[in-house]
Amino acid sequence: MHFSFVTLFPHLIEPYFSDSILQRAIKSDLLSFDCVNPRAFSANRFQKVDDYQVGGGAGLVLEPLALSSALDSIRAQNPKTHIIFVTPCAKLFTQNDARRLSKKSYITLVCGRYEGFDERLIELYADEVFSIGDFILTGGELAALCLCDSISRQVEGVLGNAESLKGESYENALLEAPNFVKPHIFKNLAIPSEYSKGNHAKICDLKLKAAEAKTRFHRLDLYVRYKQGFKNEK
């Protein structure tokens with residue numbers, strides 16, 4: 001799978017791939033990435049890519065000419081690239097989206113800056129638009145990396161152990177059950193004794209009940225979906 005990041009700040013993206021799981025995935029040719037800077041497509045001699053809002057308003061907006069040229073160059077290389085704009089003005093990205101998008105071979109993530117994009121860019125180029133939460137960032141690079149990381153770990157072979165994907169949070173509308181490691185007692189808090197007895201059926205049942213309780217406490221909205229019989233979208 002290949003990711004293209006359309007960003008004014010490639011140096012914010014590149015270090016993320018220099019370590020850990022994604023670095024190993026790149027070395028194994030499971031993943032690849034590049035950064036495309038719209039400034040390289042600017043007709044302005046100062047490589048300016050933003051302008052004041054028509055109709056007034058605080059903050060500058062990314063103008064459409066340079067960004068559209070950057071996206072056209074990516075499409076020319078791979079016409080089937082799936083273009084995603086990351087912006088707070090969109091639906092929330094979910095685990096189901098990560099699973100679905102991991103089947104793509106080429107994804108382009110467009111990172112906003114300032115007050116965002118000229119809306120016509122989204123209408124002309126976006127296959128999907130996502131937000132990572134109900135809050136505002138100074139730019140889209142962090143959000144794009146969140147999507148990339150979440151999608152990448154669903155790609156076969158990226159995680160060393162595929163079993164790691166099972167039982168994670170948001171599977172079947174539940175948060176993941178609490179996890180423990182040795183020592184069995186830490187600062188007077190003990191691991192549930194059933195975890196140490198080797199009865200895997202009982203351990204699974206206990207983990208399910210713990211996941212239900214955790215979800216009900218932290219994410220009542222998910223718990224309601226779970227109780228209503230939510231089924232994963234495979």
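## Close-ups of a predicted model

**View 1. Where E1 meets E6.** Val-6 sits across from Val-110 of E6. This is a predicted model, and here we are looking at strand E1, which covers residues 2-6 and pairs with E6 in the parallel sense. The two strands are held in register by 5 bridges.

**View 2. E6, the covered strand.** How many of the residues of E6 are buried? The count is 6 of 6, so call this strand mostly covered. Tyr-106, Thr-108 and Val-110 point one way from E6. Ile-107, Leu-109 and Cys-111 point the other way, and they are buried just like the first three.

**View 3. E6 again, now with E5.** Strand E6 takes in residues 106-111 and runs parallel to E5, with 5 bridges joining the pair. If you want a spot to start from, try His-82, which stands opposite Ile-107 of E6.

**View 4. The whole sheet.** Now step back a little. In what order do the 5 strands of the open sheet come? Reading across, it goes E2-E1-E6-E5-E7, with parallel pairing. Strand E2 (32-36) and E7 are the edge strands, each pairing on one side only. From one strand to the next, the twist averages 30 degrees. As a general reminder, strands of a sheet pair through backbone hydrogen bonds, in either a parallel or an antiparallel fashion.

**View 5. The largest pocket.** This one has a volume of about 460 Å³. Its lining is made of 24 residues, and those nearest the centre are Val-86, Thr-87, Pro-88, Cys-89 and Gly-116. Sorted by class, the lining comes out as 13 nonpolar, 8 polar and 3 charged residues.

**View 6. Who lines the largest pocket.** Which element gives the most to the lining? That would be E5, with 4 residues. Strand E5 (82-92) is joined by helix H5 (119-125) and strand E7 (128-131) in supplying at least two residues each. E7 also turned up in the sheet, as one of its edge strands.

**View 7. Ala-211 in its helix.** Ala-211 belongs to helix H7, which spans residues 200-218. Is Ala-211 buried or exposed? It has a relative accessible area of 6%, and since buried means under 20%, Ala-211 counts as buried. Leaving aside residues up to four places away in sequence, Ala-211 touches Leu-174, Leu-175, Glu-176 and Ala-177. For a sense of scale, the C-alpha atoms of Ala-211 and Ile-26 are separated by 34 Å, with their positions 185 residues apart along the chain.

Conventions. Residues numbered from 1 in each chain as written. Predicted model: local features only at pLDDT ≥ 70, side-chain atom pairs only at ≥ 80, totals over all residues. Heavy atoms only, no water. 1 Å grid on protein atoms, 1.4 Å probe; cavity = no way out; pocket = protein on both sides within 12 Å on 5 of 7 lines; lining within 4 Å. Points joined across faces, edges and corners; volume = space filled by probe spheres on them. Nonpolar A, V, L, I, M, F, W, Y, C, P; charged D, E, K, R; others polar. Pairing = 2+ DSSP bridges. Axes fitted to C-alpha atoms, helices over the stretch in contact; angles between N-to-C directions. Buried < 20%, exposed > 50% of the residue type's maximum accessible area, 1.4 Å probe, protein only. Contact = heavy atoms within 4.5 Å.
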